[in-house]
Amino acid sequence: MKNIVYQAYDGLYINLTNKCPCDCTFCERNIMDRVGDSDSLWLEHEPSFREVIDAFNNYDVDKFSEIIFCGFGEPTERFDVLLEIAAYVKKTWNKKLRLNTNGLGSLVNGRNIAPDLSGLIDTVSISLNTPDPKSYLEIVKPKFGEGSFEALLDFAEECTKYVPNVVLSTVETTITKEQEKECAAICERIGARYRIREFEG
Ligand code: SF4
């Protein structure tokens, strides 16, 4: 059963958890059970460090240029094991690592987690979704409520100090061109790159 490490697009992905503090209106979990070559991304239990490393055995890791923390949940919900795996992957295969996140990891862990990414994570990709806090709450429905959008931006700005490539993304056609300009201005202010992702729905 492939549900911990899976291949999608050109990357190798790690599915650490099904926990997430959000309930996004567009969440893929609501419409599908699997992505890429996985059998299912619903986990029977959260995998241990050893189970994740063993799951790499299904692949020739050297073939991949990037390993990505991204599955049916928010990877920073398992931050300790994430760091352990990142260190192992760097040491064993010296691969680029990306963290796909909702940007609320510091709220999830109750502390600023950005410094811990230093030297381990090469890219942090954060779903911005919208340039304004009110619509963010409506779309993402974070359990932390008001202040979540600001916490996301704080996290992104912190990450720029420790991670070479910080990307904030929105999905094309889901916001207006004017809102995209506002997102671009936010990214410029905090020193992140802005990316408009293709609509996949
Ligand atoms: S943050 Fe990601 S996993 Fe969580 S609800 Fe939103 S889209 Fe789904």
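How many residues does helix 2 have, and how far does it reach from its first C-alpha to its last? Helix 2 runs to 15 residues and spans 21 Å between those end atoms, close to the 21 Å expected at 1.5 Å a residue. One thing to keep in mind before going on: this is a predicted model.

**Helix 2 and the core**

Helix 2 takes in residues 79-93. Its buried residues are F79, V81, L82, L83, I85, A86, V89, K90 and W93. Note that a lysine, K90, is on that buried list. As for what sits over them, the cover includes strand 2, helix 1, strand 3, strand 4 and helix 3. Just past the helix comes N94, with a positive phi near 50 degrees.

Now for the nonpolar packing. The largest nonpolar core holds 63 residues, and the ones with the most contacts inside it are F56, F69, I85, L117, I121 and L168. Helix 2 is the biggest giver here, supplying eight residues to this core. If you want one spot to zoom in on, try I121: leaving aside residues up to four places away in sequence, I121 touches F69, L82, A86, L97, L99, V163 and P164. Two of those partners, L82 and A86, are also among the buried residues of helix 2.

**Helix 5**

Helix 5 covers residues 148-162, so to speak a sibling in length: 15 residues, reaching 21 Å from first C-alpha to last, close to the 21 Å expected at 1.5 Å a residue. Its buried residues are S148, F149, A151, L152, L153, F155, A156, E158 and C159. Among the parts covering them are strand 4, helix 3 (105-109), strand 5 (123-127), helix 4 (133-140), strand 6 (165-171) and helix 6 (177-190).

**Salt bridges**

How many salt bridges does a search of the whole structure find? It turns up eleven. Three of them are set out below.

| Pair | Closest N to O distance |
|---|---|
| E46 and R78 | 3.4 Å |
| D54 and R50 | 3.7 Å |
| E66 and R98 | 3.0 Å |

Start with E46 and R78, whose side chains meet in a salt bridge. E46 sits in the loop between strand 2 (11-14) and helix 1 (49-55), while R78 sits in the loop between strand 3 (66-69) and helix 2, so this pair ties together parts that are 32 residues apart in sequence. On accessibility, E46 counts as partly exposed at 30%, whereas R78 is buried, with a relative accessible area of 15%. The pair also belongs to a bigger arrangement: K19, E46 and R78 are linked in a network of salt bridges.

The D54 and R50 bridge is a local affair. Both residues lie in helix 1, four residues apart, about one turn of the helix. An α-helix has 3.6 residues a turn, so residues three or four places apart point the same way. D54 is partly exposed at 40% relative accessibility, and R50 is partly exposed too, at 46%.

Then there is E66 with R98, joined by a salt bridge. E66 lies in strand 3 and R98 in strand 4 (residues 96-101), so here again parts that are 32 residues apart in sequence are tied together. R98 counts as buried, with 17% relative accessibility.

**Around the ligand**

Which residues surround the ligand? They are C20, C22, D23, C24, F26, C27, R29 and N102. By type, this shell divides into five nonpolar residues, one polar and two charged.

**Loops and backbone angles**

The loop between strand 5 and helix 4 is worth a look. N129 lies there, and its phi is positive, about 70 degrees, although N129 is not a glycine. Is N129 buried or exposed? At 8% relative accessibility, N129 counts as buried. D132 has its place in that loop as well, between strand 5 and helix 4, but D132 is partly exposed, at 26%. The C-alpha atoms of D132 and R111 are separated by 24 Å, with the two residues 21 apart along the chain.

Further on, in the loop between helix 4 and helix 5, you will find K141. Phi of K141 is positive as well, near 50 degrees, in a residue other than glycine. K141 is partly exposed, at 39% relative accessibility.

Notes:
Residues numbered from 1 in each chain as written. Predicted model: local features only at pLDDT ≥ 70, side-chain atom pairs only at ≥ 80, totals over all residues. Heavy atoms only, no water. Near = heavy atom within 4 Å. Nonpolar A, V, L, I, M, F, W, Y, C, P; charged D, E, K, R; others polar. Core = buried A, V, L, I, M, F, W, Y, C linked by side-chain atoms within 4.5 Å. Buried < 20%, exposed > 50% of the residue type's maximum accessible area, 1.4 Å probe, protein only. Helix = DSSP H or I, 4+ residues; strand = E, 2+ residues; numbered from the N terminus. Contact = heavy atoms within 4.5 Å. Salt bridge = Lys/Arg side-chain N within 4 Å of Asp/Glu carboxyl O. Expected span 1.5 Å × (residues − 1).
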